[in-house]
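User: I have a structure open and would like to learn how to read its features. Could you walk me through it step by step?

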Amino acid sequence: MSGRPDSELNPDTQTSPDTAEDTPNTTEDTAERAPEDGPEDLPEADDEHDDQDEYEDEHDDDLLEEQARRARWAAVGTGIALALAGTAAALLRVSGTAPALVPVAYACGAAVCALAAVLGARGRTRRALWAAVAGVMIMALGDQFD
């Protein structure tokens, strides 16, 4: 323990319950010493501050929209790529000597990945992610049967 007070206040301005009546009120002293601002200065400063807040809010909204758009495109692209890969694997396995369950698993996984692409296009990126994971797991199950 350092012995320093917890807050950034000066030690003479901090009061404990025992000495609260003995210490002078420092807020009244500082209020008397504060410079007087004219009433015409305050609205201009507030207007400038409000304009800056509106700009930051618009910038934050634009940034969030850009991130959401990127997430949608990533979900759509990933879903389409996985669906195409699953479809190609299913077509290759149909013509081979693999058991019938293998191409069915690849085709089902490809269908789930296509669903992930549709969900991503609609803005359901979290659900699209889980659907893509499920589709890849189904295709991996088909690979295990091979």
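Analyst: Happy to help; we will go from the overall layout to helix packing, salt bridges and a few single residues. One point first: this is a predicted model.

User: Let's start with the layout. How many helices and strands are there in the protein?

Analyst: A good habit is to list the elements before looking at any side chain. Here you will find four helices and zero strands, and the order from the N terminus is α-α-α-α.

User: What share of the residues is buried?

Analyst: The general idea is to ask how much of each residue a probe can still reach; under 20% relative accessible area counts as buried. In this protein, 17% of the 146 residues are buried.

User: And which figure tells me about contacts between residues far apart in sequence?

Analyst: Take the contacts with a separation of 6 or more, and ask what part of them joins residues 24 or more positions apart; in this protein that part is 64%.

User: Now a single helix. How does the reach of α3 compare with what is expected?

Analyst: Compare the distance between the end C-alpha atoms with the rise of 1.5 Å a residue. Helix α3 covers residues 101-121, 21 residues in total. From first C-alpha to last it reaches 30 Å, close to the 30 Å expected.

User: Which residues of α3 are buried?

Analyst: They are V102, P103, A105, Y106, G109, A110, C113, A116, A117, L119 and G120. For contrast, look at C108, which also lies in α3: its relative accessible area is 41%, so C108 is partly exposed.

User: What happens in the backbone just after α3?

Analyst: Look at the phi angle there. G123, just after α3, has a positive phi of about 95°.

User: How do the axes of α3 and α4 lie relative to each other?

Analyst: For a helix pair, read the distance and the crossing angle together. Helix α4 spans residues 125-145, and its axis comes within 8 Å of that of α3, with a crossing angle of roughly 170°. Angles over 145 degrees count as roughly antiparallel, so α3 is roughly antiparallel to α4.

User: Which residues make that contact?

Analyst: From α3, the contributors include L101, V102, A105, Y106, G109, C113 and L119. From α4, they include R127, A131, V136, I138, M139, D143 and F145. Sorted by class, the contact holds 18 nonpolar, four polar and two charged residues.

User: On to charges. How many salt bridges does the structure hold?

Analyst: It holds two. To read one, find the closest nitrogen and oxygen atoms of the two side chains. E66 and R69 meet with an N to O distance of 2.6 Å, and the salt bridge between R70 and E66 has its closest N and O atoms 3.2 Å apart.

User: Why does the spacing along the helix matter for reading these pairs, and how far apart are E66 and R69?

Analyst: Counting residues tells you how many turns lie between partners. E66 and R69 are three residues apart in helix α2 (residues 41-94), so about one helical turn separates them. R70 and E66 are four residues apart in α2, which again means a separation of about one helical turn.

User: Are these three residues buried or exposed?

Analyst: E66 is partly exposed at 27% relative accessibility, and R69 is partly exposed at 38%. R70, at 56%, counts as exposed. The salt bridges share partners, and E66, R69 and R70 are joined into one network.

User: Last topic: single positions in α2. What does G86 touch?

Analyst: Combine location, burial and neighbours. G86 lies in α2 and is buried at 0% relative accessibility. Leaving aside residues up to four places away in sequence, G86 touches Y106, A110 and M139. The C-alpha atoms of G86 and P103 are 8.9 Å apart, with their positions 17 residues apart along the chain.

User: How far is T78 from A132 in sequence and in space?

Analyst: They are 54 residues apart along the chain, yet their C-alpha atoms are separated by 7.8 Å. T78 lies in α2 and is partly exposed, at 41% relative accessible area. Try reading G77 the same way: this α2 residue is partly exposed at 36%, and its C-alpha is 9.4 Å from that of A121, 44 residues away in sequence.

Methods:
Residues are numbered from 1 along each chain as its sequence is written. This is a predicted model: local features need pLDDT of at least 70, side-chain atom pairs count only at pLDDT 80 or more; totals for chains, interfaces and linings use all residues. Side-chain values use heavy atoms; hydrogens and water are left out. The expected span of a helix is 1.5 Å times one less than its number of residues. Buried means under 20% relative accessible area, exposed over 50%, partly exposed in between (1.4 Å probe, protein chains only). Axes are lines fitted to C-alpha atoms, for helices over the stretch in contact, and angles run from 0 to 180 degrees between N-to-C directions. Angles under 35 degrees count as roughly parallel, over 145 as roughly antiparallel, 65 to 115 as roughly perpendicular and the rest as oblique. Contact means heavy atoms within 4.5 Å. Ala, Val, Leu, Ile, Met, Phe, Trp, Tyr, Cys and Pro count as nonpolar, Asp, Glu, Lys and Arg as charged, and the others, Gly among them, as polar. A salt bridge is a side-chain nitrogen of Lys or Arg within 4 Å of a carboxyl oxygen of Asp or Glu.
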